[in-house]
Amino acid sequence: MNTNRDEGVIKFKLTLKRAPAPEMNQVIALEKWRALFFKLGLIGEYPIEKVGFGNLSSRLPKKSFIITGSQTGHLAHLQAHHYTKVIECDLKKGSVTAEGLIPPSSESLTHYGIYEANPAIQYVFHVHHKELWEMLKNGPFDFIDDDIPYGTQEMAQAASDLLYNKTSGIFVMKGHDDGIISYGSSAEEAGRIILDLYRKLAIRQ
Ligand SMILES: [Zn+2]
């Protein structure tokens, strides 16, 4: 059994306050990219383990952000109520407070760490792809060491440290099977980085 695939397990202390879901217009840019990523298999569900993978977020004012809900990877299209607002995180305590109808992605702390790194970063996209992951691991790309597990305070801190002076780019999580994260000042910027590499990979094969 694959020991790195503990996807989908929430490792932080979650406080979920029941509140209306985000407005549809707040999630349109995310949904557009998510639908494409789903089609390409960059977001989905592992068929044997039945765990979803891939999560997208966009920054809101005051250190909050909107993120896809936990265990929504199997859905081709999300409704607004599948998104949740993360309103507060504490990296030291490993706690997340969210508002909405669904728990936020198990990778919320990592997204928070990235937004903390640089106020210019507005979008964070996390996808999974075996071949892309291999290519990034073996190429001249930013990475997080393989001893840092997904969804932890350590991962969030490592991502924050890695990106403190960067506005857009991509990095690979060596300790999180198939796991890749892109980020940018717009959805377009964060999305294109993944798409361009995906196409490059398709040409190579
Ligand atoms: Zn993941």
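Start by selecting H82, which touches I67, T68, G69, T72, L75 and I102, leaving aside residues up to four places away in sequence; contact here means heavy atoms within 4.5 Å. Before you click further, note that this is a predicted model, where local features need pLDDT of at least 70, side-chain atom pairs count only at pLDDT 80 or more, and totals for chains, interfaces and linings use all residues. Residues are numbered from 1 along each chain as its sequence is written, and side-chain values use heavy atoms, with hydrogens and water left out.

**Stop 1: H82 and its loop**

Stay on H82, in the loop between β5 and β6. Helices (H or I, at least four residues) and strands (E, at least two) are DSSP runs, numbered from the N terminus. Is H82 buried or exposed? With 14% relative accessibility, H82 counts as buried. The cut-offs are: buried is under 20% relative accessible area, exposed is over 50%, and partly exposed is in between (1.4 Å probe, protein chains only).

Now show polar contacts. The H82 side chain reaches the backbone nitrogen of Q79 at 2.9 Å. A polar contact is a pair of N or O atoms within 3.5 Å; within protein, one must be able to donate a hydrogen and the other to accept it, and residues adjacent in sequence count only if both atoms are side-chain atoms.

**Stop 2: T72 and Q71**

Next, pick T72, which sits in the loop between β5 (65–68) and β6 (83–90). T72 is buried, at 3% relative accessible area. Which backbone atom does the side chain of T72 reach? It is the backbone oxygen of G69, at 2.8 Å. Beyond four places in sequence, T72 touches R34, L78, H82 and I102. I102 is worth displaying here, as H82 touches I102 too.

Step back to Q71, in the loop between β5 and β6. Q71 is partly exposed, with a relative accessible area of 36%. Check its backbone: Q71 has a positive phi of about 60°, although it is not a glycine.

For another backbone of this kind, go to K63, in the loop between β4 (55–59) and β5. Phi of K63 is near 60°, a positive value in a residue other than glycine.

**Stop 3: S182 in β11**

Select S182, in strand β11 (residues 179–184). How buried is S182? Its relative accessible area is 0%. The S182 side chain reaches the backbone oxygen of A190 at 2.8 Å. Light up the residues S182 touches, not counting those up to four places away in sequence: Y123, V124, F125, G169, I170, A190, I193 and I194. For a distance check, the C-alpha atoms of S182 and R34 are separated by 13 Å, with their positions 148 residues apart along the chain.

**Stop 4: helices α2 and α4**

Color α2: 9 of its 10 residues are buried, so α2 is largely enclosed by the rest of the structure. The buried set is S108, L109, T110, H111, Y112, G113, I114, Y115 and A117.

Then turn to α4, where the buried residues are M155, A156, A158, A159 and S160. What do they pack against? Show α2 (108–117), β9 and β10 (169–173) to see the partners.

**Stop 5: two prolines**

P149 lies in the loop between β9 (142–144) and α4 (153–162). P149 counts as partly exposed, at 30% relative accessibility. Leaving out residues up to four places away, P149 touches K11, E154 and M155. M155 is one of the buried residues of α4.

Move to P20, in the loop between β1 (13–18) and α1 (24–39). At 71% relative accessibility, P20 counts as exposed. Draw a line from the C-alpha of P20 to that of P47, 27 residues apart along the chain, and you get 32 Å.

**Last stop: zoom out**

Switch to a cartoon of the chain: it has 5 helices and 11 strands. The C-alpha atoms fill a box of roughly 45 × 35 × 35 Å, taken along the principal axes. Of the 205 residues, 54% count as buried. Among contacts between residues at least 6 apart in sequence, 69% join residues at least 24 apart.
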